[in-house]
Amino acid sequence: MGRLVVSGVDATAAPALRSATPGRLRTREQFQALLAQRPVARTAHFALHRLAGPQGLPDAVAPGLFCPAGVAWLGAMAPKRWARRAVTRNLIRRQIYAVGERLQPPLAAGAHLVRLRAAFAPAQYPSAASVALQRAVRAELCQLFAQGRSAS
């Protein structure tokens, strides 16, 4: 019999990997459930929405919407209104997921959504995917997650 491999990792290491890596929001219903919540943290360009209770997700959420319920879920939202170029939207989404996966301590159980709420100044970042823009996004996301932790 062959061994089960998850993302290039042996199945014996998969449970540890799953607990450290947040699941990603995929469906419209998941995003709508989070957008119905008020932001728990804001920075100049981002807002963090959270849906979590003491043991994870509250019972008010439709059953099976966030399954399994005991893990962290992370979503990224970068609307065209605030990032006109696809290159910039993709850079922002990649940074959100990268920062979310590398947080120490990791995200708490529940669902988290990072939403871009203002445009980065094109005059300051003329390139759609510059290293300067990448660093600015990453720094602001670290600040956002730190504010979100203190708001818990």
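This report walks through a sheet, its helices, one buried histidine and one salt bridge. The model is a predicted one.

**The sheet**

Start with the strands. Five of them form an open sheet in the order S3-S6-S7-S5-S4, and the pairing is mixed. S3 and S4 are the edge strands, each pairing on one side only. Strands of a sheet pair through backbone hydrogen bonds, either parallel or antiparallel. S4 and S5 take the antiparallel sense, over 3 bridges. In one bridge, Pro-39 has His-49 of S5 as its partner.

**Helices on the sheet**

Helix H4 packs on the sheet and touches S4, S5, S6 and S7. The direction of H4 makes about 40° with that of S5. Helix H2, residues 28–35, lies across S5, S6 and S7. H2 runs at about 80° to S7.

Now take helix H3, residues 86–101. H3 has 16 residues and reaches 23 Å from its first C-alpha to its last, close to the expected 22 Å. Its buried residues include Leu-91, Ile-92, Gln-95, Ile-96 and Val-99. What do the buried residues of H3 pack against? They meet strands S3, S5, S6 and S7, and also helix H4. An α-helix has 3.6 residues a turn, so residues three or four places apart point the same way.

**A buried histidine**

His-112 lies in strand S7. Is His-112 buried or exposed? His-112 counts as buried because its relative accessibility is 2%, and the cut-off for buried is under 20%. The side chain of His-112 reaches the backbone oxygen of Ala-108 at 3.0 Å. Leaving out residues up to four places away in sequence, His-112 touches nine listed neighbours, among them Leu-34, Leu-48, His-49, Trp-73 and Leu-107.

**One salt bridge**

How many salt bridges does the structure hold? The count is 1. Glu-101 and Arg-24 form a salt bridge, with their closest N and O atoms 3.6 Å apart. This pair links distant parts of the chain: Glu-101 sits in helix H3 and Arg-24 in strand S3, 77 residues apart.

The table sets out the accessibility of the residues discussed.

| Residue | Relative accessibility | Class |
|---|---|---|
| His-112 | 2% | buried |
| Glu-101 | 32% | partly exposed |
| Arg-24 | 32% | partly exposed |

Glu-101 counts as partly exposed because its value is 32%, and partly exposed runs between 20% and 50%. Arg-24 is also partly exposed, at 32%.

Note on methods
Residues numbered from 1 in each chain as written. Predicted model: local features only at pLDDT ≥ 70, side-chain atom pairs only at ≥ 80, totals over all residues. Heavy atoms only, no water. Helix = DSSP H or I, 4+ residues; strand = E, 2+ residues; numbered from the N terminus. Expected span 1.5 Å × (residues − 1). Buried < 20%, exposed > 50% of the residue type's maximum accessible area, 1.4 Å probe, protein only. Contact = heavy atoms within 4.5 Å. Pairing = 2+ DSSP bridges. Axes fitted to C-alpha atoms, helices over the stretch in contact; angles between N-to-C directions. Polar contact = N/O pair within 3.5 Å; in protein donor to acceptor, adjacent residues only side chain to side chain. Salt bridge = Lys/Arg side-chain N within 4 Å of Asp/Glu carboxyl O.
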